[in-house]
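Below are some notes for a colleague opening this structure for the first time. Please read them with the model on screen.

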Amino acid sequence: MKLSVIGCGYVGLVTGACLAEIGHHVVCADNDQARIKMLHAGKMPIYEEHLDGIVQRNVKAGRLTFTSDVAEAVRGGDAVFICVGTPPLETGDADLSAIDNVARLIATESRTPKLVVEKSTVPVQTGQQLKRALAVYGRSGGVTFEVASNPEFLREGTAVLDFLYPDRIVVGVDSGQAEQQMREIYKPILVRSFTCPLPDGARPKTPPPQFIVTTINSAELIKHASNSFLAMKISYANMVADLCEKMNANVDEVTRAMGLDPRIGGAFLRAGLGFGGFCFPKDVQAFIRLAERAGVDFRLLKEVENVNKARIDGFLEKTRRALWVLKEKKIGMLGIAFKPYTDDVRFAPAMELIRRLLAEGAKIQAYDPEAMERARATYPELRYCADPHDTASGADALLIVTEWPQFKSLDWKRMHAAMARPLVLDGRNLLEPARMRELGFEYHSIGRPE
Ligand SMILES: NC(=O)c1ccc[n+]([C@@H]2O[C@H](COP(=O)([O-])OP(=O)(O)OC[C@H]3O[C@@H](n4cnc5c(N)ncnc54)[C@H](O)[C@@H]3O)[C@@H](O)[C@H]2O)c1
């Protein structure tokens, strides 16, 4: 089966590369010509471990191609995966204009029957709208379309692994034919018949994924409900952290013990600066909005969002309490990406923190192993550092904003010596309080005894 992937962003690139890796012929298309030019030049527009090698190998083998001619890509595929962005509108609703554009193109350009696979995260009932749009826009063409919802659960930073070794593949369909086609596409992953491109140590020992077939509406809802639930766990941990701070308890001890209960689970139960990135904030908002329009007041999720927004206020207040006046203070920032192992800064807590620190007149010198170029596009006025030690140099305070593991093993004695004032505010509970104090730091973290 020939596959087309529309949108070469995070999800599109990983989807296209991995589908090629398991043996399909894939054409990936994007209307951003600069992005396609980069890919033709062998450069990756995003940072994601293992992706580079997989793309190169499959391009060389002739299984993976890139084009900015989206119409041509559509015409060539038996199945067309829609992986375009669905960013938030001012109202919090998902902006579905890119999906609508692609639907129109598929409807008008297709000459043969297509399975249209919705992989972008979309509100429930988008599949129905998509079917209607394909019928209306393509009314003169006489081509038949099947629609499937196939939400993507990959995590940035471990996206290749997540795609090739998922715990479930969710497929929402309304015909046996669409189900069969989707089974065929994912068969190598379902029976693990592909040659693993990951190094031995990175290969998980998990059982093969479950193939979950649902209605299109359910599949769409599964994605929003899953992300919102994970966001809720993070906000819950953060509220527990606030309580721990008042009661002189340690949130890391509390959440660790809680997480050992299999009914709760330890993942996403970590206190800190809250969630960010291109998924959780917008997906929670979109879920609240779609519930609202359906007449359901999802108050619980509104609070999840409020708690998350307040994390930045709380951290800034802590910084202010420690530094008194922020104006003219030299602040070192370790980490900008919304989480480690990615260069993605979209809706990253660091970006909001930077905005507010700059507004108060602070001078920021920042370091992130991967995300500095992306941050520079929004904040060219920052001093971007060569390494973490450079970030500490002459700083009145050091803020830890992203939990890159290498920050943990820094030479903190040397960091101490480089700073104007040895003050560390750890927004991710990355470091050991006792050790930091032993080294002579004034050290503050989240929900742990001072
Ligand atoms: N990033 C993640 O971790 C993740 C995980 C799961 C699901 N998702 C969802 O997947 C979708 C895509 O996310 P992303 O992070 O890859 O977004 P992205 O912004 O990185 O990529 C979207 C791409 O689509 C392209 N595009 C937009 N309109 C187009 C059009 N009409 N024709 C061709 N190309 C077009 C853009 O140029 C861009 O390259 C979103 O709905 C997102 O919520 C994202």
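1. F275 makes a good starting residue. Its relative accessible area is 7%, and the cut-off for buried is under 20%, so F275 counts as buried. Bear in mind throughout that the model is predicted.

2. F280 is also buried, at 11% relative accessibility. The rings of F275 and F280 form an aromatic pair, with 6.0 Å from centre to centre and 75° between the planes. Planes over 60 degrees apart count as edge-to-face, so this pair is classed as edge-to-face. F268 joins F275 and F280 in one aromatic cluster. Over the whole structure, a search finds 8 aromatic pairs.

3. Two arginines lie over aromatic rings. R104 is placed over the face of Y137, 4.2 Å from the ring centre. R168 is placed over the face of F153, at 3.8 Å from the ring centre.

4. Next, the sheet. It is open and parallel, with 6 strands in the order β11-β10-β9-β12-β13-β14. At its edges are β11 (383-384) and β14 (442-444), each of which pairs on one side only.

5. Within the sheet, β9 (residues 330-334) runs parallel to β10 (residues 363-367), and 5 bridges link the two. One residue to locate here is G332, whose bridge partner in β10 is Q365.

6. Two helices to look at pack on this sheet. Helix α12 (residues 299-323) touches β9, β12 (397-400), β13 (423-426) and β14. The direction of α12 makes about 170° with that of β13. Helix α13 (residues 349-359) touches β9, β10 and β12, and its direction makes about 175° with that of β9.

7. Which residues of β13 are buried on its two faces? L423 and L425 are buried on one side, and V424 and D426 are buried on the other. Both faces of the strand are therefore covered.

8. The neighbours of β13 can be followed residue by residue. β12 pairs with β13 in the parallel sense over 3 bridges, and L399 stands opposite L425 in β13. β13 also pairs with β14 in the parallel sense, again over 3 bridges. There, V424 stands opposite Y443 in β14.

9. The connection from β13 to β14 passes through helix α18 (residues 433-438). This β-α-β crossover is right-handed.

Conventions: Residues numbered from 1 in each chain as written. Predicted model: local features only at pLDDT ≥ 70, side-chain atom pairs only at ≥ 80, totals over all residues. Heavy atoms only, no water. Phe/Tyr/Trp six-rings, centres within 6.5 Å; stacked < 30°, edge-to-face > 60°. Buried < 20%, exposed > 50% of the residue type's maximum accessible area, 1.4 Å probe, protein only. Lys NZ or Arg CZ within 6 Å of the ring centre and 35° of its normal. Pairing = 2+ DSSP bridges. Helix = DSSP H or I, 4+ residues; strand = E, 2+ residues; numbered from the N terminus. Contact = heavy atoms within 4.5 Å. Axes fitted to C-alpha atoms, helices over the stretch in contact; angles between N-to-C directions. Right-handed = clockwise from strand over helix to strand, strands pointing away.
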